[in-house]
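Subject: Structure for your review

Dear colleague,

Please find below the sequence and structure that I am handing over to you. My notes on the pockets and the surface follow directly after it.

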Amino acid sequence: MPELAAVTAAAAGGGLYFLGYLGWGAWPCLVGFLAPLWWALTARPNGGLASAAALGVVFGAAAFTGGHLWLLALIGPFLDGRIVAGTVLWIVYGIWFALAFAVYGGLFHLVRRRGWSVAIAGVAPLVLIEWLQPQIFPLYAGNGLIAVPPLAQTADLGGPLLLTALLGGANVVV
């Protein structure tokens, strides 16, 4: 099981991620949202694949919980106020979202274990996960850059995945 400091760091990274979401508007948080997770994943000398996946779940759960609260407001208009059904759907979607980061944590761990840099281990799996995971509401880390037109225009060259890769590069620098 991951240590408390690593779990706290992973949750803090998820918090930075949701604050960078469009609804919160604190896009500068995206410049460092991965750094706490990467620290947590590399600071565990005896951590294995399961521990890395668990830290990914913590990150994903924190990001989802804060960043997707707006979905709960849709229960009334779209589910006729069926609060239990809506809450269950929200939780299931949150688990799906967090599982993607469990895979991300595992991929990061495996790539780092093979001796690759944090830049490769951190950015490539993130872009891969965002590209491959089916989403009801497509979410890319790069979407938060819409508030910064000069950066958002980069999406014309490579879509939101390029923006995510650029954010990953900024996180490497941090």
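Helix H4 (75-79) and H5 each supply at least two residues to the lining of the largest pocket. Please note that this is a predicted model. H5 contributes the most to that lining, with 5 residues. The residues lining the largest pocket are Leu71, Leu74, Ile75, Phe78, Leu79, Gly86, Leu89, Trp90, Val92, Tyr93, Ile136 and Phe137. By class, 11 of them are nonpolar and 1 is polar, while none is charged. The space in this pocket amounts to about 270 Å³.

The second largest pocket holds about 220 Å³ of space. Its lining is made up of 14 residues, of which Tyr21, Leu22, Gly67, Trp70 and Leu139 are the closest to the centre of the pocket. No charged residue belongs to the lining of the second largest pocket, which has 9 nonpolar and 5 polar residues.

Helix H5 also appears on the surface. A nonpolar patch there is formed by Val57, Ile91, Ile95, Trp96 and Leu99, and together these residues have about 430 Å² of accessible area. Helix H5 (residues 83-113) provides the largest share of the patch, namely 4 residues. One of the patch residues, Ile95, is located in helix H5. Ile95 has a relative accessibility of 47% and therefore counts as partly exposed, since that class lies between the limits of 20% for buried and 50% for exposed.

With kind regards

Conventions
Residues numbered from 1 in each chain as written. Predicted model: local features only at pLDDT ≥ 70, side-chain atom pairs only at ≥ 80, totals over all residues. Heavy atoms only, no water. Patch = residues over 30% accessible without salt bridge, like charges linked within 9 Å, V, L, I, M, F, W, Y side chains within 5 Å. Areas by Shrake-Rupley, 256 points an atom, 1.4 Å probe, with all protein chains shown as cover. Salt bridge = Lys/Arg side-chain N within 4 Å of Asp/Glu carboxyl O. Buried < 20%, exposed > 50% of the residue type's maximum accessible area, 1.4 Å probe, protein only. 1 Å grid on protein atoms, 1.4 Å probe; cavity = no way out; pocket = protein on both sides within 12 Å on 5 of 7 lines; lining within 4 Å. Points joined across faces, edges and corners; volume = space filled by probe spheres on them. Nonpolar A, V, L, I, M, F, W, Y, C, P; charged D, E, K, R; others polar.
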